[in-house]
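Biologist: I would like to go through this model step by step, with a question at each stage and the reasoning behind each reply. Could you put the sequence and the structure up before we begin?

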Amino acid sequence: MEQLKWSLPTRWLHAGLALTVSLQLLISLVMEPPDKKDATALARAAFEAHEAVGVTAVVIVLIHWLWSTFGKADGGLAHLFPWRGAAWAEVKADVVGLMHRQLPMGGPRGGLPGLVHGLGFLAVTGMAVTGAALFVSYPESGKPGPTAHFFKEIHEFIANFVWAYWFGHVGLVLMHKWAGHPNVKDMFTFKS
């Protein structure tokens, strides 16, 4: 079965998300908030970089939501959230195939890969929303107030899901590669 190819805008949005989310996760390993007394210069600079990359990620997430909602290519929201009808039947068929050691083809066809993408996109959206709330509520100096603390706790909680999704996504990309599926080439070839 030949795999369908993603549209060019979806490929660019995916590349933007992959880059900003990966950078955000890596930066978060060394950053410290500006109110931490013993933070190193590198940790404080990493916090500033996290803010800058985060603003970029918020813009990409917003554009991706608009594209998924109003764009006609790649199945739109039905690809990401296949809850009913034929789309849900495809998810169930993919799960049955997995039980028989058959890796479902990726691409914009939907099914289980689409559902997994949708769940990951929800987690990244949660990070973007709470990150944006932190950006506007976290003070440049001094201790953060209760509102910033509230969003920080939620942001850090959702980060666990994004880390799990990131490792799972990379792992599944490798499995598809080893199975001979052209997912990586199809997603990161930027010709129409």
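Biologist: In what order do the elements of the chain run from the N terminus on?
Modeller: This is a predicted model, and that should be kept in mind throughout. The chain has seven helices and zero strands. Read from the N terminus on, the elements therefore appear in the order α-α-α-α-α-α-α.

Biologist: What box do the C-alpha atoms of the chain fill along the principal axes?
Modeller: The chain has 192 residues, of which 38% count as buried. Among contacts with a separation of 6 or more, 70% join residues that are 24 or more positions apart. Taken along the principal axes, the box filled by the C-alpha atoms is roughly 60 × 35 × 30 Å.

Biologist: Which element gives the largest share of the largest nonpolar core?
Modeller: The core in question has 16 residues, and those with the most contacts inside it are Leu17, Val21, Val61, Phe121, Val124, Met127 and Val162. Two or more of its residues come from each of α1, α2, α5 and α6. The largest share, five residues, is given by α5.

Biologist: With which residues is valine 124 in contact, leaving aside its neighbours within four places in sequence?
Modeller: Valine 124 is one of the residues with the most contacts inside the largest nonpolar core. Once its neighbours within four places in sequence are set aside, the residues in contact with valine 124 are Leu17, Val21, Val61 and Val162.

Biologist: Which element gives the most to the lining of the largest pocket?
Modeller: The largest pocket has a volume of about 1000 Å³, and it is lined by 41 residues, of which His14, His117, Tyr165, His169 and Met187 lie nearest its centre. The elements that give two or more residues to this lining are α1 (8-28), α2 (41-70), α3 (76-80), α5 (111-137), α6 (146-178) and α7 (183-187). The lining residues divide into 25 nonpolar, 15 polar and one charged. With ten residues, the element that gives the most to the lining is α6.

Biologist: How do the residues that line the second largest pocket divide into nonpolar, polar and charged?
Modeller: The volume of the second largest pocket is about 740 Å³. Its lining consists of 29 residues, and those nearest its centre are Gln24, Met31, His50, Met127 and His155. Two or more lining residues come from each of α1, α2, α5 and α6. By kind, the residues of this lining are 18 nonpolar, seven polar and four charged.

Biologist: Does serine 7 count as buried or exposed?
Modeller: Serine 7 is found in the segment before α1, and it touches Trp67, Ala73 and Asp74 when residues up to four places away in sequence are not counted. A polar contact of 2.6 Å joins its side chain to that of aspartate 74. Because its relative accessibility is 15%, and buried means under 20%, serine 7 counts as buried.

Biologist: What about serine 68: is it buried or exposed?
Modeller: The place of serine 68 is in helix α2. Leaving aside its neighbours within four places in sequence, serine 68 is in contact with Gly76, Leu77 and Leu80. Its relative accessibility is 6%, and the limit for this class is under 20%, so serine 68 counts as buried.

Biologist: How far apart in space are leucine 66 and tyrosine 165, C-alpha to C-alpha?
Modeller: Leucine 66 lies in helix α2 and, at 45% relative accessibility, counts as partly exposed. Tyrosine 165 is among the residues nearest the centre of the largest pocket. The two residues are 99 residues apart in sequence, and their C-alpha distance in space is 22 Å.

Biologist: Why does arginine 101 count as exposed?
Modeller: Arginine 101 is placed in the loop between α4 (85-99) and α5. Its phi is positive, at about 65°, although arginine 101 is not a glycine. Exposed means over 50% relative accessible area, so arginine 101 falls in that class because its value is 79%.

Technical notes
Residues are numbered from 1 along each chain as its sequence is written. This is a predicted model: local features need pLDDT of at least 70, side-chain atom pairs count only at pLDDT 80 or more; totals for chains, interfaces and linings use all residues. Side-chain values use heavy atoms; hydrogens and water are left out. On a 1 Å grid over the protein atoms alone, a cavity is a set of points where a 1.4 Å probe fits but cannot get out, and a pocket is an open set with protein on both sides within 12 Å along at least five of seven lines; lining residues have an atom within 4 Å of a point. Grid points are joined across faces, edges and corners, and a volume is the space filled by probe spheres set on the points. Helices (H or I, at least four residues) and strands (E, at least two) are DSSP runs, numbered from the N terminus. Ala, Val, Leu, Ile, Met, Phe, Trp, Tyr, Cys and Pro count as nonpolar, Asp, Glu, Lys and Arg as charged, and the others, Gly among them, as polar. A nonpolar core is a set of buried Ala, Val, Leu, Ile, Met, Phe, Trp, Tyr and Cys residues joined through side-chain atoms within 4.5 Å. Buried means under 20% relative accessible area, exposed over 50%, partly exposed in between (1.4 Å probe, protein chains only). Contact means heavy atoms within 4.5 Å. A polar contact is a pair of N or O atoms within 3.5 Å; within protein, one must be able to donate a hydrogen and the other to accept it, and residues adjacent in sequence count only if both atoms are side-chain atoms.
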